[in-house]
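Here is a short tour of one protein model, written for someone who knows the bench better than the viewer. Keep the structure open as you read.

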Amino acid sequence: MSTNPFAEYAIHQRWMEQAIALAQQAGNAGDVPVGAVIVDRTGSVVATGENRRERDGDPTAHAEILALRAAGRSRHSWHLEDCTLYVTLEPCPMCTGAILLARLGLLVYGADDPKAGTIRTVFNLPDSPCSNHRLSVLPGILEIPCREQLQQWFAQRRSRSPN
């Protein structure tokens, strides 16, 4: 990454925009709109994922988990120390655990999750005694569009359901 913080912010925005596009695909397909992109230190996309719980009937098919699985397969290694994960929503306990186990280099996320976020909102799993990996975290990148995307999706779902 560049030593210029503004250049780094622009890079983070670019990758988060890709995660937002993946989240939109998930939302259009009936899943909660969450998207994830894993990038290595050279700036190459290693893997992507979008929430697929409803489509796959799989409670573990979160965007982060799918991206981590794909990254491990493509690299033939579960070690992702040189990678950054961009995700539109603060990870849940399951995803945070997988991120820590992958020894991810950096986590960048958009919106806080006040119900299940375990990076800093509900609980801070990376800094807990059970974590054996110190995770670098950059929250709030494109926070407003990430949050609005989720809010709009849920509002549309509520307006369609009978009272």
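## A loop alanine and its surroundings

Let's begin with A102, which is placed in the loop between α4 and β4. Please keep in mind that this is a predicted model. With a relative accessible area of 7%, A102 is buried, because anything under 20% counts as buried. Which residues does A102 touch, once its neighbours within four places in sequence are left aside? The contacts are L68, W78, H79, L80 and E81. A71 is also worth finding: A102 and A71 are separated by 31 residues in sequence, and their C-alpha atoms are 9.9 Å apart in space.

The loop between α4 and β4 (106-111) holds R103 as well. R103 is not a glycine, yet it has a positive phi of about 60°. A positive phi turns up again at H76, also not a glycine, with a value of about 55°. H76 lies in the loop between α3 and β3 (83-89). At 74% relative accessibility, H76 counts as exposed.

## How α3 meets α4

Two packed helices are described by the angle between their axes and the distance between the axes. For helix α3 (residues 63-75) and helix α4 (residues 93-101), the axes come within 9 Å and cross at roughly 25°. That angle makes α3 roughly parallel to α4, since angles under 35 degrees are counted that way. The crossing of the pair is left-handed.

Which residues make the contact? From α3 come E64, I65 and L68, while α4 supplies M94, C95, A98 and I99. Sorted by class, the contact of α3 with α4 has six nonpolar residues, no polar ones and one charged residue. L68 has been mentioned before, as one of the residues in contact with A102.

## Cysteines without partners

How many disulfides does the structure hold? The count is zero. Two of the cysteines are set side by side here:

| Cysteine | Closest other cysteine sulfur | Relative accessibility |
|---|---|---|
| C83 | C95, 17 Å | 1%, buried |
| C130 | C92, 14 Å | 62%, exposed |

Why is C83 unpaired? The closest cysteine sulfur, in C95, is 17 Å away, which is too far for a bond; a disulfide needs the two sulfur atoms within 2.5 Å. C130 is in no disulfide either, with the sulfur of C92 14 Å away. As for exposure, C83 counts as buried at 1% relative accessibility, whereas C130 counts as exposed at 62%.

Conventions: Residues numbered from 1 in each chain as written. Predicted model: local features only at pLDDT ≥ 70, side-chain atom pairs only at ≥ 80, totals over all residues. Heavy atoms only, no water. Axes fitted to C-alpha atoms, helices over the stretch in contact; angles between N-to-C directions. Helix = DSSP H or I, 4+ residues; strand = E, 2+ residues; numbered from the N terminus. Parallel < 35°, antiparallel > 145°, perpendicular 65-115°, else oblique. Left-handed = near helix turned anticlockwise from the far one by under 90°. Contact = heavy atoms within 4.5 Å. Nonpolar A, V, L, I, M, F, W, Y, C, P; charged D, E, K, R; others polar. Buried < 20%, exposed > 50% of the residue type's maximum accessible area, 1.4 Å probe, protein only.
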